[in-house]
Amino acid sequence: MPGFSILYFVMGICMAEIYGVKISPVWLITALIIAVVLAVATPPIPGGALACYTILLLQLEIPAQAIVVAVAINVILDFFATAVDLFCLEAELTELAGELEMLDVEKIRKTF
C-alpha cells in the first residue's frame, strides 16, 4: 500500500500540473485522502492500478485525457511501487515476528 499511495498522489500532482489544474491546500488534502483510499482498494493483480487512475483523476477534476498519459507512465512506475510495497511487507512481518517473540533477535544481531 505505501508504494501505490505515493504513486497515486504524485501522479495526481503531475497530471494537475500538465493539464493546468489549480492546486490549492484543500486540493492537496483531497488528493492525499483519495490516494490512500485507492491504494487500499487497488486490486492485487498486475495492472490493478490502472482501474484506479480513472477514479483518481476524475475526482481531482483533471481532464479525462490524462488517463492515457497516466497509464503509459504506470508501465514504468508500477515496478517501483511494487518494490516499495514488498519491502514494507517484509519489514512489517519481521517486526511483527519480533514482537511475538517468534524471532531470535540475538542470533540475528550476532550474524551481522
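1. Let me start with Phe-80, which sits in helix α4, the run covering residues 66-99. This is a predicted model, and in it Phe-80 has a relative accessibility of 55%. Because the cut-off for exposed is over 50%, Phe-80 counts as exposed.

2. Phe-80 also has company on the surface. Together with Val-75, Ile-76, Leu-77 and Phe-79, Phe-80 makes up a nonpolar surface patch. The combined accessible area of these five side chains' residues is about 550 Å².

3. Next, a look at how α4 meets its neighbour in the packing list. The axis of helix α3 (residues 50-59) comes within 10 Å of the α4 axis, and the two cross at roughly 140°. Angles over 145 degrees would count as roughly antiparallel, so α3 and α4 are classed as oblique to each other. The crossing of α3 past α4 is right-handed.

4. The loop joining α3 and α4 holds a backbone point you may like to check. Glu-61 lies in that loop and has a positive phi of about 60°, although it is not a glycine. With a relative accessibility of 68%, Glu-61 counts as exposed.

5. A second glutamate deserves a glance too. Glu-101 is placed in the loop between α4 and α5 (105-111). Its phi is positive as well, at about 60°, and again the residue is not a glycine. Glu-101 is exposed, given its relative accessible area of 71%.

6. Turning to the N-terminal part, helix α1 (residues 2-18) and helix α2 pack with their axes 8 Å apart, at an angle of about 140°. That angle makes α1 and α2 oblique to each other, and their crossing is right-handed.

7. Val-36 belongs to helix α2, which spans residues 25-41. The C-alpha atom of Val-36 is 5.1 Å from that of Ser-5, though 31 residues separate the two along the chain. Is Val-36 buried, partly exposed or exposed? Its relative accessibility is 35%, so Val-36 counts as partly exposed.

8. Finally, Ile-23 is located in the loop between α1 and α2. At 29% relative accessibility, Ile-23 falls in the partly exposed class, because buried would require under 20%. For a sense of distance across the model, the C-alpha atoms of Ile-23 and Gly-98 are separated by 43 Å, with their positions 75 residues apart along the chain.

Technical notes
Residues numbered from 1 in each chain as written. Predicted model: local features only at pLDDT ≥ 70, side-chain atom pairs only at ≥ 80, totals over all residues. Heavy atoms only, no water. Patch = residues over 30% accessible without salt bridge, like charges linked within 9 Å, V, L, I, M, F, W, Y side chains within 5 Å. Areas by Shrake-Rupley, 256 points an atom, 1.4 Å probe, with all protein chains shown as cover. Salt bridge = Lys/Arg side-chain N within 4 Å of Asp/Glu carboxyl O. Helix = DSSP H or I, 4+ residues; strand = E, 2+ residues; numbered from the N terminus. Buried < 20%, exposed > 50% of the residue type's maximum accessible area, 1.4 Å probe, protein only. Axes fitted to C-alpha atoms, helices over the stretch in contact; angles between N-to-C directions. Parallel < 35°, antiparallel > 145°, perpendicular 65-115°, else oblique. Left-handed = near helix turned anticlockwise from the far one by under 90°.
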